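The following exercises concern a predicted model. Each task is followed by a solution in steps.

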Amino acid sequence: MSIIKNILQIIGMIILIFCGLLGMLLFIMGMVEAIPSMAVCGIIILVVSVVGSIFIGKKISKTFRPKKNKINMVAENTTIIDDNPLHLQISPEEKLQRLIIEEPHISLNEGEVCYYCNTASAIHQKNVVTGRTSGGAGVSFRVAKGVSIRTGGGNSQVIRENVNEYFEGTLYITNIRIILLAPKHGFDLYISKITQLLYKDFGFEIFSGSKCYQVLTADRDNIQELVELMNSQKVFKDEKWLREHYNHMNSTPGITTTKTCDESKNNAISANFDNLDGLAFENWCATLLRNNGFVNVEVTKSSGDQGVDVLAEKGEIKYAIQCKCYSSDLGNSPVQEVHAGKSMYNCHVGVVMTNRHFTSGAKELANATGVLLWDREKLLQMMSNNEETSSNLNFNDDIKVDAKLLDAIRVATEEGRISTSLIQRKLDIGYGRAAQLIDKMEELGVVSQADGAKPRKVLMSKDDVMEKIIK
């Protein structure tokens, strides 16, 4: 019946439309022929047609209007269920228990528990040139058609502004550390080293010593509530607590084991190496380097890194490091890449770190290029934080080497010639120190003897020099 009713309504609407057109035609003819009765009849028919069309139109619109079903009505009358443990009416202990992340994609210390994991971005402020101010007056002379010469100069100045760079990554909060794994400007901070945590509109700022780390996150309120909850329940622990409760650990808690459901303490280290993806392994290596006395450790950007994943310094020596987490031994390719990439980053030494070992061909190439190979055994030694086993470089006892000498050798090999004034300009040092470096390079056979005021010739490549001074 409803279908027939709808069809009849549509037919009635069509008839009323035709009647309206007929009434309009009668009205026009009555006015033209000067027949008042015809014009009035046309108006009456037009008005009735319009009123009838409106009435039937409402009926049709109601018929085709979608009806609210029971599911929609229930959805409108109920609120969205929030399953975030922080917002549930349960005890603080139960909240923390529900927040525990069983297998985060980071390496945890023994006794360390992860309570938070979500996307966030590291904010890095960079000062860049955005333009120049307009200059002063000058005079232009036309010397030919389309050619002019301008004399005089302006006093234009460079305009610089601070702009923010954003590096998206993953934020982790544990009972011991706050970690941001990002392609660049990430961090791994122990709670005991954090001096202040400030919440901002964009996220929050962490102060550790003289450094400030800015984090962009849309989850600021939940993070603040979590930190306050962990503080109230005294969940945060420091290195002293770790040493007291896990006496098998060394004095500086670093990267040790990643706990899973079926791992034992003896084989957790192996899993910690092999189960990490590329970026996670790079950040793992960066933290391992920091725990072994390296400073200014920085993970390079994921694309266009020129074969260098991590930059680090120790004893004023700069390292360019490539990190490889493979299921088989490494060949020549990583050695070639880091050997080429270290020059781009102005580093003294290239290193390849891996969870595996190296082929004989890779070892031969590393010996020829001066690249250091740190295999599985080396990483295990570094995890013990034994300074004797994790030392970075061994120099020949007969050669006294410092960072400035290595910088001077780099300048000499890049320029192809060297002089005292050139070293002064490039390294920003005094004449006496530059002269000492020249004499040292002559003693090593890197540069030729003095020939009056002429620049000295460079006799060795940088790789030859590094092979000579490194044991």
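**Exercise 1. A helix and its faces**

How many residues does helix H14 have, and what distance does it reach from its first C-alpha to its last? Determine also which residues of H14 are buried and how they are arranged about the axis.

*Solution.* Step 1: helix H14 covers residues 431-444, which makes 14 residues. Its reach from first to last C-alpha is 20 Å, close to the 20 Å expected at 1.5 Å a residue.

Step 2: with buried taken as under 20% relative accessible area, the buried residues of H14 are Ala434, Leu437, Ile438, Lys440, Met441 and Leu444. Viewed down the axis of H14, these buried residues fall within an arc of 165°, so they line one face of the helix. The general background is that an α-helix has 3.6 residues a turn, so residues three or four places apart point the same way.

Step 3: Tyr431, Gln436 and Glu443, on the other side of H14, are exposed.

Step 4: after H14 comes Gly445, with a positive phi near 85°.

**Exercise 2. An open sheet**

What is the strand order of the open sheet of five strands, and which are its edge strands?

*Solution.* Step 1: the order is S10-S11-S12-S13-S14, and the pairing is mixed.

Step 2: strand S10 (295-299) and strand S14 (372-374) are the edges, since each pairs on one side only. On average, neighbouring strands of this sheet are turned by 25° against each other, direction ignored.

Step 3: within the sheet, strand S12 (residues 317-324) pairs with strand S13 (residues 349-354) in the parallel sense, over six bridges. Cys323 stands opposite Met353 in S13.

Step 4: the edge strand S10 contains Asn296, which is not a glycine yet has a positive phi of about 50°.

**Exercise 3. The nonpolar cores**

Which element gives the most to the largest nonpolar core?

*Solution.* Step 1: the largest nonpolar core has 28 residues. Among those with the most contacts inside it are Leu171, Phe187, Leu226 and Met230.

Step 2: several elements each supply at least two residues of this core, including helix H4 (92-99), strand S1 (114-132), strand S4 (158-174) and helix H5 (220-232). H5 gives the most, with five residues.

Step 3: leaving aside neighbours within four places in sequence, Leu226 is in contact with Leu86, Leu99, Tyr115, Tyr116 and Ile173.

Step 4: another core, of 26 residues, lies apart from this one; Val310, Ile321, Leu372 and Met383 are among its members.

How values were computed: Residues numbered from 1 in each chain as written. Predicted model: local features only at pLDDT ≥ 70, side-chain atom pairs only at ≥ 80, totals over all residues. Heavy atoms only, no water. Helix = DSSP H or I, 4+ residues; strand = E, 2+ residues; numbered from the N terminus. Expected span 1.5 Å × (residues − 1). Buried < 20%, exposed > 50% of the residue type's maximum accessible area, 1.4 Å probe, protein only. Arc of directions from axis to C-beta. Pairing = 2+ DSSP bridges. Axes fitted to C-alpha atoms, helices over the stretch in contact; angles between N-to-C directions. Core = buried A, V, L, I, M, F, W, Y, C linked by side-chain atoms within 4.5 Å. Contact = heavy atoms within 4.5 Å.
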